[in-house]
Amino acid sequence: MSEEAKVGVFVCHCGMNIAGTINVKEVVEYARTLPHVANANEYVFMCSAPGQDLIRGGIKKNGINRVVVAACSPSMHEPTFRAAMAEAGLNPYLLEMVNIREHSAWVHSHEKKRATEKTKALIRMGVAKAVLLEPLEEFRIRMQPTSLVLGGGVAGLRASLDLAERGYKVHLIEKLPTIGGRAVRLGTIAHSEISGTDLLKPVLDAVESNPNIVTYVNSELEHVDGSVGYFKAKARRNPRYVNAKCTLCEECIRVCPVEVADEYDYGLSKRKAIYLPFKEAHPHIMAIDPVACNKCGECVKVCEPGAINLEEQPQDIEIVAGGLILATGYSPYDPPIGEFGYGRSDKVLTLFQLERLLDPEGPTNGKLAVSGSVPKNIVFIMCVGSLGITENAHPYCSRMCCASSLKNMIRITQLYPDTTIYALYKDIRTYARRDEKLYELATESKIKFVNFEKTPTVNVGQVGVSVQVRDATLQENLVIPADAVILAVGMAPSEDLSKVRSVVKVGCSPEGFIREAHVKLRPVEAPADGIFLAGAITSPKNVLETSMAGSATAAKASTLFSQEEYRVEPITAQVTEELCSGCAICIAMCPYGAISRKTVGEKYRAEVDRALCKACGACVAACPSGAMQQAGFKDTQVLAQVVAISERRTGS
Amino acid sequence: MSESFEPKIVVFACNWCTYAALDLAGTSRIKYPPNFLVIKVMCSGRVDPQFVLEAFRNGADGVLVAGCHPGDCHYIEGNYKALRRITLMKRMLEKFGIEKERVRLEWISASEATRFAQIANEMVEQIKALGPLAPRLEVSA
């Protein structure tokens with residue numbers, strides 16, 4: 001400490017709130033006897049203008065350089081007293097508040113004598129800490145009002161569009177050759193007659209035409225540095241081999257010799273190595289699948305506009321953004337081969353594949369053709385991959401599969417009235433506003449609902465497929481011959497999450513999704529500032545919920561961008577380099593990735609990024625050498641309070 | 001043990017949950033014995049076991065470390081760090097001859113003022129039964 005501590009103690013009566021229980025006069029007399037206390041005052045309301053004048057006067061006239069206010073909880077008036085100190089020219093972090101109202105007067109009004117003694121002890125502890133306080137400066141980061149959105153599905157599109165419409169620049173990165181995500185592949189949208197593509201076309205168009213949005217398809221996020229306000233990201237744009245000159249004449253598709261399963265149709269159809277991802281693909285040009293393409297060059301020969309360049313190289317993209325929005329979605333639960341006959345018979349399909357079959361623009365032009373013909377008996381098995389119904393199943397409910405299954409069952413009964421549908425379910429959860437209606441409609445149709453407790457089994461024989469189930473209501477075993485078995489698979493964490501987590505510091509929930517800052521109160525924020533989570537990256541969501549999450553992240557990011565500077569409370573962790581041995585224990589402690597190891601000469605040293613540090617102090621408690629300290633909560637400062645619990649040690 | 005013994009108990013309260021619960025006890029005028037001296041830390045994960053040892057060395061008869069419930073930590077998992085450290089430290093304390101009941105780790109959310117009062121009453125009774133710690137430490141010093 002450069003100058004000797006001169007502590008001013010200011011004890012508040014809070015009317016009779018404190019003074020009614022505590023003998024304030026006695027407490028003030030006592031405070032005057034404490035080491036380093038230059039003066040001690042009392043006032044009826046310390047937070048009032050005259051009360052604050054006492055503090056300002058103490059600083060200006062009496063030269064006090066530490067302030068102890070014994071009054072209410074710091075959550076009430078800490079900002080008030082800090083402001084008063086700053087006005088008088090004293091660093092506002094040289095304040096220690098002693099909570100003698102909530103923690104003493106109000107809870108011990110039945111024992112006034114002891115309450116007064118306790119209050120003296122609390123002030124003694126507060127003074128002991130105040131002596132060791134140091135001036136702190138708020139840390140400020142200039143805000144870059146630009147966002148990087150990772151993932152071009154419903155969540156990412158909604159977030160991008162909302163931000164762009166507010167005038168903020170957006171860099172949208174999509175791994176696939178088109179934006180649109182998985183929702184564009186839905187055959188029909190519930191409560192409507194339109195397909196996922198039709199639903200989202202206006203959104204895709206709006207994103208493409210908005211001048212504030214720069215879209216990078218075929219691109220992946222490789223590296224992120226920095227923190228809230230100023231992230232520096234590196235992305236890689238993989239070659240598409242086809243440029244904007246493409247006129248979609250499809251000559252290339254005709255000559256391309258390579259045929260592979262079309263992922264857009266979940267493997268139900270084939271496409272060439274050069275292809276248009278789907279009819280409304282944005283950008284609306286061909287793409288070449290770099291894995292499938294054998295670079296034979298046939299397409300180049302027939303391409304009249306000269307849009308194809310097989311020599312195209314990957315490109316590095318650098319983006320500076322104040323906030324990151326992660327919207328990488330989900331992966332459908334992929335049943336292991338043999339689970340419910342999946343992969344053993346072409347009569348066993350997932351719900352996602354059924355969506356494609358019922359899409360008028362799908363591989364069968366909307367005709368429900370399973371194994372070549374329209375099925376007569378269809379068995380839906382619900383909760384596949386969910387509610388722990390099999391060994392591989394996730395423990396949670398995916399929320400959307402019930403409504404989605406019911407929607408498709410109803411559609412099938414409308415299109416093919418002769419079809420018999422069995423719905424085998426563990427639970428039906430149509431929780432959303434209009435979805436219960438689907439269940440009502442389905443029960444009114446001829447759909448046979450069978451409740452199971454024991455998971456059904458699917459037998460794939462030479463003659464055909466049958467499903468065995470024990471009806472939990474009738475307590476009877478049923479064997480249902482099936483022309484089609486639809487597995488209502490749920491949502492699993494996206495396959496891309498490990499890549500995302502290797503680039504951006506975000507944590508995992510026990511289910512494998514990305515964890516929110518608070519599951520109820522901060523559902524679209526990551527724990528680290530400036531990182532937002534949109535859509536199914538945090539948990540299964542339907543299209544409606546995903547849109548809401550997308551908009552929510554845009555709102556959160558706008559709040560950030562509306563500030564010119566981002567202020568960080570200065571009570572962050574800091575390293576005393578000379579004491580640090582570079583053991584890196586602190587790095588593992590930090591949930592925010594704020595600590596890194598740097599090389600100084602030939603040694604390792606820990607380094608704290610103050611913009612990332614949230615000031616929990618976990619690293620400080622773990623540091624074996626005392627090199628890591630938290631401003632305002634240093635070991636010496638907390639220990640001074642501890643030592644001062646007893647009178648006899650004071651001043652030693 | 002003499003009737004007049006009033007244990008001195010130090011509370012390390014996390015800023016977000018337990019400190020707020022203590023504030024709520026105040027605004028709700030919930031009474032509890034005045035044996036508790038509160039030290040605020042931002043997170044229970046900040047509590048260095050040496051703070052607890054120093055508290056005993058300086059005359060505390062008991063220590064309460066309190067933070068947010070598991071899953072509710074403002075800093076994601078600081079309370080788990082506290083759990084590990086305090087569990088380990090209690091084992092060590094027993095080797096020193098300090099009863100492990102003198103240290104308690106509790107999860108007290110911002111709304112659980114009555115729960116704090118209940119723990120406070122319990123702790124005072126428990127530590128009264130154990131008797132003061134300081135004289136024993138003086139003898140052994």
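Biologist: Which residue of β2(A) is the bridge partner of A:Gly8?

Modeller: That's A:Asn39. Bear in mind that this is a predicted model.

Biologist: How do you know that strand β1 (residues 7-12) of chain A really pairs with β2(A)?

Modeller: Pairing takes at least two bridges. Six bridges join β1 of chain A to β2(A), so the two count as paired, and they run parallel.

Biologist: Where do these two sit in the sheet of chain A?

Modeller: The order is β2-β1-β3-β4, in an open sheet of four strands with parallel pairing.

Biologist: Why are β2 (37-43) and β4 (95-99) of chain A said to stand at the edges?

Modeller: Each has a single partner strand, so one side of each has no neighbour in the sheet. From one strand to the next, the twist averages 15 degrees.

Biologist: What lies across β1 and β2 of chain A?

Modeller: Helix α2 (residues 24-32) of chain A does, running at about 170 degrees to β2(A). Angles go from 0 to 180 degrees between N-to-C directions, so a value like that puts the two directions close to opposite. Helix α6 (residues 112-131) of chain A also packs on the sheet, touching β1, β2, β3 (66-71) and β4 of chain A.

Biologist: And the other chain: how many residues does the contact take from each?

Modeller: It takes 34 from chain B and 38 from chain A. On the chain B side, α1(B) gives the largest share, five residues.

Biologist: What makes up that side of chain B by residue type?

Modeller: There are 18 nonpolar, six polar and ten charged residues.

Methods:
Residues numbered from 1 in each chain as written. Chains lettered and ligands numbered in written order. Predicted model: local features only at pLDDT ≥ 70, side-chain atom pairs only at ≥ 80, totals over all residues. Contact = placed C-beta atoms within 7 Å. Nonpolar A, V, L, I, M, F, W, Y, C, P; charged D, E, K, R; others polar.
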